[in-house]
Amino acid sequence: MTLRLSSLSSSSSSSSSLSNKWTETATSATSTPQHDKQVAHPMHDKRYQKDQFSFLQQEILKYTNTDSNNSIQNSFTPPSTWYTSRDFFSLDREHVLLNHWTAVDVWTPTGKGAYKTGYFMGQPYLLTTSHDDNDSSSDNAEIQAFFNVCTHAGSCLAGPWTKNARNQGDTASCSSLDLNASLVGQASEGQLSPGEHFQCPYHGWRFNTNGRLTRATQTKGIQNFQAKEFSLKPIPVRRIGPIVFLHFGGFNSHTNDGARGSDSVTRFDQSRDLLFDRLERNGFVADLSDLKFVESRAYTLKCNWKVFTDNYGDGCYHCSYAHADLASNIDETSYSTDLLSDILSIQQAPPSSAANDDERFGDKTAVYAQWYPNLMLNRYGPWFDIDLVIPIDESTTKVLKAWFLERDFQVPSDSYIQDSIQSSERVHDEDVFLCENVQLGLQSRGFQAGRYVPSKQIATHHFHQQLAKDYLHACGLLDSEDMSE
């Protein structure tokens, strides 16, 4: 990583420019819906703004100065402020999670006209499959993504209130539901038939599954109005099996992942192919097409999202101390970590002799993949499960966990599936204990920064390096061209 030391100049023009950029970002980061429970950012006083931006620079450089040669042996871990500060949470939101290919949802559409709505860190999104798509199969249907925001007055467009409104006049009812505040922020899923549209609950503007405005009500008198200019705003979208990734930053400017438009897509696809190659080498179907959805559950953790992510990249360092059942089924002496790209690390766990008697683990080397910034993918035995991390505030995190099973796997007993999920959830609960316990320690005056164990915490160090790049770039301390190094 190359630092532009001139950015650390104390000249008033440079500091003012950086401070203003951060103020704009922090202000926009607070404009989030109530349902996300984001904490408002108290940056009103100009002197406070400047001092706070200097604080961010200082805390970032505490880490990068110890990691200047990318050596895990010499590095200290990030300072505790990265996990406890509201300002770092705003930095995470604007310059990491909303400015990368970020996993936001799990969805297998049911065919043409399918849709799903959701929210990620204050961003309402709408996933659709078009009626114009020639391939109607759910596995191959092309997913489109839009901001779920009517372009007339900013109301969220689709939701539990959605009625599949046909072109039958301006007086068509929007909903058969009673509109009330409890519906705001709720995710929804459904399917539009040919000729049906999303109708805004506010003024009845309608949009099709391609995001095109098909009717704007009572617009007589509006001058220079062009319907084509009021389509839903698209969001770049990619998929890995059932997992949906969105890039809320778009490609209008130089993004934090160090690439523009097609280059960013290429880098995503290259990392996906590396993941598929590793799965295939370990005896699994590469593209996850052999799996069927079983169940998903959401959990709320009292810790910063990075604490949970750090724990995953721990190289099973904590397994023998905290995961007795898991540790008995893997060969820790042969556990390994590979860094395949700047956004992908792979941990591999060969089965122990005891695992051969456990249908859940099987006899293949398990693959634990960490996809920057917020996704973990676990392939073992006949199972595939994911942890999709959704930050809420600096000390609260939501984790969406979904389980999939090989479609052709012969279930050995009636209780097998629920027993397997219960075993998986037991490991998760143990991790929740560890993460919430760490968060309490990080918030105390008894800890500032620690050290890495080089033979184990390779993926965690890799995660921190990517965070540092994003932070440095956000604060003007790293040249744009250095982001792709």
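**Cysteines in a predicted model**

At 3% relative accessibility, cysteine 319 counts as buried. Keep that residue in mind while working through these exercises on a predicted model.

**Exercise 1.** Which cysteine forms a disulfide with cysteine 319, and what is the handedness of the link?

*Solution.* Start with the cut-off: a pair of cysteine sulfur atoms has to lie within 2.5 Å. The sulfur atoms of cysteine 316 and cysteine 319 are 1.7 Å apart, so this pair meets the rule. Next, take the rotation about the S-S bond: at -105°, the link is left-handed. Finally, count: the rule gives one disulfide.

**Exercise 2.** Is cysteine 316 buried or exposed?

*Solution.* Buried means under 20% relative accessible area. Cysteine 316 has 6%, so it is buried. Its partner, cysteine 319, is buried too, at 3%.

**Exercise 3.** Which cysteine sulfur is nearest to that of cysteine 156, and how far away is it?

*Solution.* The nearest one belongs to cysteine 200, 9.0 Å away. Set against the 2.5 Å cut-off, that leaves cysteine 156 in no disulfide. Now check its surroundings: with a relative accessible area of 24%, cysteine 156 is partly exposed. Cysteine 475, by contrast, is buried at 0%.

**Exercise 4.** What percentage of the protein chain's residues is buried, and how many helices and strands does the chain have?

*Solution.* Of the 485 residues, 55% are buried. The secondary structure comes to ten helices and 18 strands. For the surface, the chain exposes about 21,400 Å², with carbon and sulfur atoms supplying 46% of that area.

Conventions
Residues numbered from 1 in each chain as written. Predicted model: local features only at pLDDT ≥ 70, side-chain atom pairs only at ≥ 80, totals over all residues. Heavy atoms only, no water. Helix = DSSP H or I, 4+ residues; strand = E, 2+ residues; numbered from the N terminus. Buried < 20%, exposed > 50% of the residue type's maximum accessible area, 1.4 Å probe, protein only. Areas by Shrake-Rupley, 256 points an atom, 1.4 Å probe, with all protein chains shown as cover.
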